Amino acid sequence: MRPHPKPQPFPLDMLTVNRASPEHLSRQLYHGLVAIIRGRALPPGSELPSTRALAAELGLGRNTIVAAYDQLVTEGYLANRQGARPVIVDLPEGPRETPAQEPPEPLRPPSLRGQLLLSQPYHHGRPGHVAFHPGMPDAGSFPFGVWGRLVARRASHGGETLFGTYDVTGHPALKDAIAGYLYSARGVRCRPEQIVITTGAQAAFDLLARLLLDPDDTVWMEEPGYYGAKAAFTVAGARILPIPVDQERGWYLEPPDPLPRLIYVTPACQHPLGITMRMEERLRLLDIAETANAWVIEDDFDGEYRFQGRPVPAIQSMDRSGRVIYVGTFAKLLFPALRIGFMVLPPELAGRIVNALSTTGQFAPLLLQAALADFITEGHMSRHLKRMRRIYAQRRQLFRDIVTERLRDEITLSPAEAGIQVVGYLKAGIDDIKVSQAAAKRAINVSPLSKYFQNTAATQGLVLGYAACDAAQMRDGVERLAAAIGETLG
């Protein structure tokens with residue numbers, strides 16, 4: 001054991017306190033002592049003054065000194081000795097200081113997977129820019145009074161089960177409610193134990209990509225297609241091959257080589273085009289998946305909002321081999337910040353998914369899940385959905401009328417039959433990236449259609465969400481969008 005050095009004179013001139021500062025005196029003293037110790041103004045093993053002596057020198061109460069010393073002992077800067085003054089611990093020097101004139105040494109770059117993660121596109125918009133954020137529902141029409149009472153009731157009477165990390169795959173009452181809703185509304189056949197609650201659909205895609213794909217596996221994906229799902233598959237190391245989709249022809253299901261490990265589709269409301277997969281295409285898709293022994297991820301994007309006929313049953317309802325994984329979210333039904341989605345897994349996956357969820361930590365708060373279960377079972381969601389379908393149908397027609405009247409020479413709207421957004425195809429010579437940038441300067445939030453292409457020639461257009469805008473916001477937004485297009489054209 002090293003002998004203690006001879007006591008050193010304590011540098012009181014380096015230790016000051018400011019009584020006018022809002023910071024507590026003991027914290028000021030603590031920070032001053034840390035600077036002395038880490039700067040090695042006193043060598044390790046040096047004794048500090050007694051609490052009485054230092055209190056007298058600084059004109060402070062002894063309890064203030066004791067509090068600072070105790071914190072330094074707790075953090076390992078000082079060592080207490082029985083019947084003696086505390087001494088400075090011999091700490092490692094830590095990272096060396098880089099001289100100011102020397103350029104800092106660059107940090108090690110992220111992993112290849114990390115670089116892929118950092119390079120993926122995103123589009124989350126900004127507060128107040130509801131015109132024309134794709135996929136944004138009208139939060140102003142949501143019954144927050146009812147929702148608040150349900151959350152408060154569960155918070156008051158939920159017991160310990162809602163405040164821990166229990167039921168990792170989802171609150172049982174919510175899984176029961178979702179199973180009943182899916183069967184009646186979408187034809188999905190499942191037991192509650194096949195349902196896994198996630199923090200939104202994107203969390204489901206990320207987890208499924210890691211669970212089902214190895215590097216260099218092939219994924220067939222719609223083009224244009226949802227870039228969020230594409231990002232999850234890309235970061236997992238998959239090779240993306242396109243399934244071309246267009247307004248007239250639908251899904252072009254001629255299998256490219258090689259056969260896929262996974263197929264991703266949005267059949268109820270193709271994202272971003274808004275068309276619905278025909279029955280012959282659904283059957284063809286399932287036949288290809290059988291031949292390739294591939295998984296199918298059915299993203300039920302905007303499946304609840306269909307304005308021609310009734311909602312179409314899910315592909316999962318036609319699956320006989322247990323390979324279709326159904327993914328849904330409450331972001332459009334309720335509000336995006338709720339961050340609750342779900343997936344319906346085949347039984348063999350559902351039985352082991354809890355281990356993967358525990359590793360990722362991707363499970364939603366049980367309190368909100370319980371409140372959502374009440375919102376569904378007490379009939380609030382069905383009433384809200386019925387009301388919003390009526391409101392969105394009116395807004396859809398109004399938006400089409402306003403855009404056609406004001407921008408008929410610049411934009412042609414697609415005849416989408418579902419969803420709360422619509423594609424506007426730009427006339428030749430207009431760059432959708434430049435238009436979206438010019439629109440953002442005018443507080444207009446649009447997504448360029450070209451961003452949804454990866455493997456084929458991009459179509460120039462804008463993905464326009466209309467659901468969150470009333471008539472006045474629509475007219476003002478279209479005028480700003482017209483100005484943005486005018487700026488782009490020069």
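**Reading a predicted fold, feature by feature**

Biologist: Leu-345 counts as buried, at 1% relative accessibility. How do I read that, and where does Leu-345 lie?

Modeller: Keep in mind that this is a predicted model. Buried means under 20% relative accessible area, so Leu-345, at 1%, counts as buried. Leu-345 lies in the loop between S10 and helix H10 (347-350).

Biologist: Which residues does Leu-345 touch?

Modeller: Leaving out residues up to four places away in sequence, Leu-345 touches Gln-194, Val-196, Leu-208, Ile-325, Ala-350 and Ile-353. For a contrast, take Ser-46: Leu-345 and Ser-46 are 299 residues apart in sequence and 64 Å apart in space, C-alpha to C-alpha.

Biologist: Let's try another loop. Where is Ser-414, and is Ser-414 buried or exposed?

Modeller: You'll find Ser-414 in the loop between strand S11 (411-413) and strand S12 (421-426). With a relative accessibility of 1%, Ser-414 counts as buried. Its contacts, not counting residues up to four places away in sequence, are Gln-247, Leu-273, Arg-400, Val-422, Val-423 and Tyr-425.

Biologist: Okay, helices next. How many residues does helix H6 have, and how far does H6 reach?

Modeller: Helix H6 covers residues 172-186, which is 15 residues. From its first C-alpha to its last, H6 reaches 20 Å, close to the 21 Å expected at 1.5 Å a residue. Just after H6 comes Gly-187, with a positive phi of about 75°.

Biologist: Which residues of H6 are buried, and what covers them?

Modeller: The buried ones are Leu-174, Lys-175, Ala-177, Ile-178, Ala-179, Tyr-181, Leu-182 and Arg-186. Their cover includes strands S3 (195-198), S9 (324-329) and S10 (341-344), plus helices H12 (366-377) and H13 (380-407).

Biologist: What describes two helices that pack together?

Modeller: Two packed helices are described by the angle between their axes and the distance between the axes. Here, helix H14 (residues 432-440) and helix H15 (residues 471-489) pack at an angle of about 125°, with axes 8 Å apart. That makes H14 oblique to H15. Their crossing is right-handed. On the H14 side, the contact is made by Lys-434, Val-435, Ala-438 and Ala-439, and on the H15 side by Leu-481, Ala-484, Ile-485, Glu-487 and Thr-488.

Biologist: Can I have a second pair to practise on? At what angle do H7 and helix H11 cross?

Modeller: The axes of H7 and helix H11 (residues 353-360) cross at roughly 115° and come within 11 Å. This crossing is right-handed. Leu-207, Arg-210 and Leu-211 of H7 meet Ile-353, Ala-356, Leu-357 and Thr-360 of H11.

Biologist: And aromatic rings? What describes a pair of them?

Modeller: A pair of aromatic rings is described by the distance of the centres and the angle of the planes. The structure holds 17 aromatic pairs. One of them joins Phe-205 and Tyr-226: 6.3 Å centre to centre, with 65° between the planes, which is edge-to-face.

Biologist: Which parts of the chain does the pair of Phe-205 and Tyr-226 tie together?

Modeller: Phe-205 lies in helix H7 (residues 201-212), while Tyr-226 is in the loop between strand S4 (218-223) and helix H8 (227-235), so the pair ties together parts that are 21 residues apart in sequence. Phe-205 is buried, at 1% relative accessible area, whereas Tyr-226 is partly exposed, at 22%. Both belong to an aromatic cluster formed by Phe-205, Tyr-226, Tyr-227, Phe-233, Tyr-264 and Tyr-452.

Biologist: On to the backbone. Which residues does a cis peptide bond join, with omega about 0°?

Modeller: Glu-223 and Pro-224. Pro-224 sits in the loop between S4 and H8. The bond from His-271 to Pro-272 is cis too, with omega near 20°, and Pro-272 has its place in the loop between strand S7 (262-265) and helix H9 (279-292).

Biologist: Last thing: what is phi of Asp-216, and where is Asp-216?

Modeller: Phi of Asp-216 is near 75°, a positive value in a residue other than glycine. Look for Asp-216 in the loop between H7 and S4. At 64% relative accessibility, Asp-216 counts as exposed. Ala-443, also not a glycine, has a positive phi near 65°. Ala-443 lies in the loop between H14 and strand S13 (447-448) and is partly exposed, at 25%.

Key. Residues numbered from 1 in each chain as written. Predicted model: local features only at pLDDT ≥ 70, side-chain atom pairs only at ≥ 80, totals over all residues. Heavy atoms only, no water. Helix = DSSP H or I, 4+ residues; strand = E, 2+ residues; numbered from the N terminus. Expected span 1.5 Å × (residues − 1). Buried < 20%, exposed > 50% of the residue type's maximum accessible area, 1.4 Å probe, protein only. Contact = heavy atoms within 4.5 Å. Phe/Tyr/Trp six-rings, centres within 6.5 Å; stacked < 30°, edge-to-face > 60°. Axes fitted to C-alpha atoms, helices over the stretch in contact; angles between N-to-C directions. Parallel < 35°, antiparallel > 145°, perpendicular 65-115°, else oblique. Left-handed = near helix turned anticlockwise from the far one by under 90°.
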